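Work through the following exercises with the sequence and the structure side by side, and try each task before you read its solution.

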Amino acid sequence: MYVTSPITLLSTQFERRKREYSEVTVLFSDIVGFTDICSRCKPMKVVHMLNDIYSIFDELTNEHNVYKVETIGDAYMVVGGLPVPSESHAIRIAEFGVSQLGSISSLKTPDTQEPINIRVGIHTGPVVAGVVGSKMPRYCLFGDTVNTASRMESHGLPGKIHISEEVLK
């Protein structure tokens, strides 16, 4: 007997609901020196470290009412202003970023016990959002806003939040 999985049902329902959002705020963060940490530590230690960090960040998404889009390796992506539009999306994302920096102050790398440091990038603008894929469907965001937020993070300074002018508007 073939049983349709819940995610398949959801992706079929959401497939018709791809949506354009005229203004959201996207945040990317990553761990400074993550590649070096991975080269020095056993994979299981890296997984435990990421779980500790992401569990903290996941709680912060609830506190700040922002939506976690995904994690890829050490990159953590959240958005404000969707799936439910909100006028306070930029403020909530900025406060989330500040909380991210403060929340990891006591965490250490598994090998050297040095403090873990992150960099954060934030940009505001339009996106298209929707579920893509069929085998492992994912809710994804597309558009230059996502690319710009990612560049803000990658060109930012460790321990700092790098924001675009659009966030301030």
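**Exercise 1. Find which residues are in contact with Leu101, leaving aside its neighbours within four places in sequence.**

Solution. In this predicted model, once those sequence neighbours are set aside, Leu101 touches Ile118, Val120, Gly159, Lys160 and Ile161. The next step is to place Leu101 itself, which lies in helix H4, spanning residues 89-103. A further step compares positions along the chain and in space: Leu101 and Arg119 are 18 residues apart in sequence, and their C-alpha atoms are separated by 8.3 Å. Finally, Leu101 has a relative accessible area of 24%, and is therefore partly exposed.

**Exercise 2. Determine how strand E4 and strand E5 pair, and over how many bridges.**

Solution. Begin by locating strand E4 at residues 118-132 and strand E5 at residues 138-142, and then note that the two run antiparallel and are joined by five bridges. Within this pairing, Val128 faces Phe142 of E5. The connection comes last: E4 and E5 make a hairpin with five residues between them, and Gly133 in the turn has a positive phi of about 90 degrees.

**Exercise 3. Explain why Cys38 and Cys41 are not bonded to each other through their sulfur atoms.**

Solution. First recall the cut-off, since a disulfide requires two cysteine sulfur atoms within 2.5 Å. The cysteine sulfur closest to that of Cys38 belongs to Cys41 and is 7.5 Å away, so the pair is too far apart for a bond. By this rule, the count is zero disulfides. As a last step, consider accessibility: Cys38 is partly exposed at 30% relative accessible area, whereas Cys41 is buried at 11%.

Conventions. Residues numbered from 1 in each chain as written. Predicted model: local features only at pLDDT ≥ 70, side-chain atom pairs only at ≥ 80, totals over all residues. Heavy atoms only, no water. Buried < 20%, exposed > 50% of the residue type's maximum accessible area, 1.4 Å probe, protein only. Pairing = 2+ DSSP bridges. Helix = DSSP H or I, 4+ residues; strand = E, 2+ residues; numbered from the N terminus. Contact = heavy atoms within 4.5 Å.
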